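Welcome! Let us take a walk through this structure together, one step at a time.

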Amino acid sequence: MERISYKDDDQFCSGHVACGGCVEALALRVIINAVGPDTVGVVAPSCAAVILGGHPMSSVSIPFIHGTLESAAASASGVKRALLAQGRPDTTVLCLAGDGGTYDIGLQALSSAAERNEDILYICFDNEGYMNTGGQKSSSTPLNAATGSTPSGKLTAKKNLIEILAAHRIPYIATASPSHLNDLAAKVEKARGIRGTKVIIVLIPCLPGWGVADDSAVKTARMAVEAGVFPLIEVTDGVNYSISESARAQPIEAYLSLQKRYSHLSRADISRLRDNLDQERGILSRRAGDSGAEA
Amino acid sequence: MNAMSQTQGLQLLNGNHAVALGVMLARPDVVPLYPITPQTPIFEKLIDLSEKGQLVTELLTPESEHSAMASAIAASATGVRVFTATSSQGLLLMHELLHYAAGARTPIVLFNVNRTPAAPWGFWPDQIDSLSQRDTGWIQLYSETPQESLDSVIQAFRIAEQVKLPVMINHDAFYVSHAMEPVAVPTQDQVDSFLPPYRPEMYLSPETGCSISAPLDQKSWNLSRRQMAQAMAGVGDLVGSVGQDWGRLTGRGYGPIEQYRTEGAELVFVTMGSMCGTVREAVDALRGDGIRAGLLKIRLFRPLPEAALRAALAHVPCAIVLDRNYSPGMGGVLHQELKSALFGMSGPPRLHGLLAGVGGVSVSCATLRKLAAEYLLAAPSPDPVWVE
């Protein structure tokens, strides 16, 4: 049993409109409290934008501009430059977007901000599809997962955004999970202390989008980590990989069986997913090196 | 001391470099820029001024005009003065965010160099790029000369920041953007006395925690447009008073429209941008020929100064609208706007809509004299006429 001990200064309020049992709200609470009050936020159209609240209400005590879907990182850059012009270099700029706004339509703006190494903290809530519009595939949707636009399962693999970002040689990239909240808080706090572009990808099992039981989102997120599907890693300067959590304590079936989006899989499909996982794990291990980088 | 002696004297500048000097004097805090022909000399001059330390600003050079405008909006919403510049394809790529900037009430000043949009590809003066953005909520000014472009940039910040609406200033590709003429460059002290620092009452700040542009209900969205309408309603007068203030300071006054030799006119050309220069020459020649011709130059296109246009054309029997743009299936945009502005007017002029200079084709003084003779007494046609 892990004791959850992240700080909470009530920067995220109850009464928001996330689905009951949604772990994005949980992750948001940890992140918003970890960044602290001296922060200006940008949010792309996404579940996060809905959770933050409709005008004139807000579920957070820090200011957000609700920008456009494809320009989250560009908007964050604009906020940062304005703060610099105002003589406020230490104010954190927090940028929130979904995987659609990050892997797909917002990738160009994110790549540009990363290339300029803009001093922003970019959080991607990765629920592996356009869940806010009812559940269509994005380029983050994994192989075989059923969505509204891939009813028989997606035919291609999830885009590897970490490697894309690493190729930009930005100072900090990490993955995090709502099943490991202390790790999430620690990564946010660490990122806050680094100047330049920081990106944290947080896995968000979507209750309706993935077909997960209302009480099982945390469990599903934990299984993703423990089955090795979503290893918790850090990449500094684009080249130094370290794996903070990937116990591989669970078989992949333990993860897949919690979700309706995989209910159509055959044994052959599952076998192929297992093989792919082994291959990806091999690549990641080589990147991290074999010298005890794994937790 | 006369106005002229308060300036640094005349400099030989092309339109784009005049714009860049105007921007420098306006002291913007953040300038996101993406290069595009024929805007590039604005871009390069601003970079040069920044390198030399004459322009102190946060220059941001993202991967597209779309990101440039997104950055501009976010920076403006954070409470600082923002400038950007583009042309044609770049402006069209910004389209989504032009709506956003106006709706978010961010007083950005954008300079657009009017250029033909693809397809087919072309790099020629044509105003359809900006005219097709008329419903986005931006104030639009059209400039005839490098001097007017410089002066308008500085005035635009005062207009934008007072009504909390973005301003787009336009001048024609090459005819103005790259043509050189002597320009009076005001001093920094003059501009500082005219344009105070931008101090908005509301902006993104950790101290207030207030968010911007969050989703809202139908009634509130509707209210946002009513508030924009209210702001727009005051723009015509404001453009006039700001232009007069500038005139007191520099000797060069401006208004929403300009009338050239329209007294007792039997024929008035109505147009915008660089075409006005040729029309002035044609008007002088026609007056010499005994035809009482005049020019009604529209400087403020959005909001269209309808009352001023009606007053200017009140006793004019014939008006010829020259459109350097074409809205397929409709005609010239300015012609349509004029028809709308004059609707219900008693004794309106016979209004002719001529598609002159579409795609950057040259319209000479001789052509205009010929058109005047042809249309002076002709019955107006509701359909647009292509000028050969």
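What follows looks at how two chains meet and then at a patch on the surface.

Please keep in mind that this is a predicted model. A good place to begin is the meeting of chain A and chain B, where 36 residues of chain A are in contact with 36 residues of chain B. The size of an interface is often given as the accessible area lost when the parts come together. Here, about 2,600 Å² is buried between chain A and chain B, and carbon and sulfur atoms give 61% of that area.

Now for the polar side of this meeting. Between the two chains, 13 residue pairs are in polar contact, counting pairs with both residues at pLDDT 80 or more. The count of salt bridges between chain A and chain B is two. You can look for Arg88(A), which forms a salt bridge with Glu207(B); their closest N and O atoms are 2.8 Å apart.

Which elements of chain A give two or more residues to the side that touches chain B? They are strand 1 (39-43), strand 2 (64-66), helix 3 (72-85) and helix 5 (107-115) of chain A. Helix 3 of chain A provides the largest share of that side, with ten residues.

Let us turn to the surface of chain B. Trp121(B), Phe123(B) and Trp124(B) form a nonpolar patch there, and together they have about 380 Å² of accessible area. To find Trp121(B), follow chain B to the loop between strand 5 (109-114) and helix 6 (128-131). Is Trp121(B) buried or exposed? Its relative accessible area is 59%, so Trp121(B) counts as exposed, the cut-off being over 50%.

Definitions and conventions: Residues are numbered from 1 along each chain as its sequence is written. Chains are lettered from A and ligands numbered from 1 in the order in which they are written. This is a predicted model: local features need pLDDT of at least 70, side-chain atom pairs count only at pLDDT 80 or more; totals for chains, interfaces and linings use all residues. Side-chain values use heavy atoms; hydrogens and water are left out. Patches are made of residues with over 30% relative accessible area and no salt bridge: like charges are joined within 9 Å, nonpolar side chains (Val, Leu, Ile, Met, Phe, Trp, Tyr) within 5 Å. Accessible areas come from the Shrake-Rupley method with a 1.4 Å probe; for residues, only the protein chains shown count as cover. A salt bridge is a side-chain nitrogen of Lys or Arg within 4 Å of a carboxyl oxygen of Asp or Glu. Helices (H or I, at least four residues) and strands (E, at least two) are DSSP runs, numbered from the N terminus. Buried means under 20% relative accessible area, exposed over 50%, partly exposed in between (1.4 Å probe, protein chains only). Contact means heavy atoms within 4.5 Å. Buried area is the accessible area (1.4 Å probe) that two parts lose on being put together, summed over both. A polar contact is a pair of N or O atoms within 3.5 Å; within protein, one must be able to donate a hydrogen and the other to accept it, and residues adjacent in sequence count only if both atoms are side-chain atoms.
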